[in-house]
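Colleague: I would be grateful for a close look at a single loop and at what surrounds it. Please treat the rest of the chain as context.

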Amino acid sequence: MTQQSILESDGRAIPYIEEGEGPVPLVLISGRALSGDGLAVVAHYLAEEAGFHVVRIGPRADSSGQDRATTLRERVEDAVLVIDHLGLDHTWIGGHAFGGTAARIFAAEHTDRVNGLLLLGVEDDEIPLAPAIPVLIVQATDDAVTPPATAEALHATAPERASIKIVDGADHLFPATHPIETAVIIEEYLDWD
């Protein structure tokens, strides 16, 4: 596994992993601990094989080093801190399920810093898509947690700039069970950006 770093800021301990130095930056907000978020292989492929600069941001740790529950608001604030710390002026931002929901909020609040939005499985919520940025939705056909209908409904709100790509035969954990297929979809889409 790639080395995890901790950003200490105002009593916060925000874990993140940075891979690659390519010209396409992609920040992924993880919904769970980085060691078990299911995005490690996807991120590594995108950094090593596709030449992207990938940053994964995990939930805050408490004083004992254990992950602690964080709100969507805290996850957005943490993403801002890590992105600023790394000096990224513009980036694609995304995540899987809960992490994607945090990325949607980030994109809506920081549109001037976002090149595009990547959603891996779409949660059913009322957060509108940020205006004027491209959106890639990667959806598994057999996902019962974030079902395809939710992704299709979000896509319908901005069909001129949102695209849906399908991982056939996969369930909610598709980034972990189908990492190369997922990474190739992302690589092919973001390569045109």
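Where is Ala97 found, and is Ala97 buried or exposed?

Modeller: Ala97 is found in the loop between β5 (91-96) and α3; helices (H or I, at least four residues) and strands (E, at least two) are DSSP runs, numbered from the N terminus. This is a predicted model, in which local features need pLDDT of at least 70 and side-chain atom pairs count only at pLDDT 80 or more, while totals for chains, interfaces and linings use all residues. Residues are numbered from 1 along each chain as its sequence is written, and side-chain values use heavy atoms, with hydrogens and water left out.

Although Ala97 is not a glycine, its phi is positive, at about 55 degrees. Ala97 counts as buried because its relative accessible area is 9% (buried means under 20%, exposed over 50%, partly exposed in between, with a 1.4 Å probe and protein chains only). Asp10 also has a positive phi, of about 50 degrees, and is likewise not a glycine. Asp10 lies in the loop between β1 (5-9) and β2, and is exposed because its relative accessibility is 75%.

The strand before the Ala97 loop, β5 (91-96), holds Ile93. Leaving aside neighbours within four places in sequence, Ile93 is in contact (heavy atoms within 4.5 Å) with Leu26, Val27, Ile29, Ile83, Ala103, Phe106, Ala107, Val114, Gly116, Leu117 and Leu118. Ile93 also belongs to the largest nonpolar core, a set of 33 residues in which Ile57, Ile93, Phe106, Leu117 and Leu119 touch the most other members; such a core joins buried Ala, Val, Leu, Ile, Met, Phe, Trp, Tyr and Cys residues through side-chain atoms within 4.5 Å. The elements that give two or more residues to this core include α3 (98-109), the helix after the Ala97 loop, as well as β2 (12-19), β3 (24-29), β4 (52-57), α2 (72-86), β6 (114-120), β7 (135-140) and α4 (148-156). A second, separate core holds 26 residues, among them Val24, Ala43, Leu46 and Ile186.

Two of these residues, Ala43 and Leu46, sit in helix α1 (residues 40-48), where Val42, Tyr45 and Ala47 are buried too. The buried residues of α1 pack against β2, β3, β4, α5 (174-177) and α6 (179-190).

The residue just before Ala97, His96, also takes part in a pocket. His96 is one of the residues nearest the centre of the largest pocket, together with Arg32, Asp37, His172 and Leu173, out of 15 lining residues. On a 1 Å grid over the protein atoms alone, a pocket is an open set of points where a 1.4 Å probe fits, with protein on both sides within 12 Å along at least five of seven lines; lining residues have an atom within 4 Å of a point.

The second largest pocket is lined by 13 residues, and those nearest its centre are Arg104, Asp125, Ile127, Leu154 and Thr157. Helix α4 gives the most to this lining, with three residues. Thr150 is found in α4 as well and is buried, at 15% relative accessible area. Beyond its neighbours within four places in sequence, Thr150 is in contact with Val122, Glu123 and Asp124.

The UniProt record, an unreviewed entry, places "domain: Alpha/beta hydrolase fold-5" at residues 82-172; such annotations may be inferred rather than shown by experiment. That span is 29% helix and 27% strand, and its end C-alpha atoms lie 27 Å apart.
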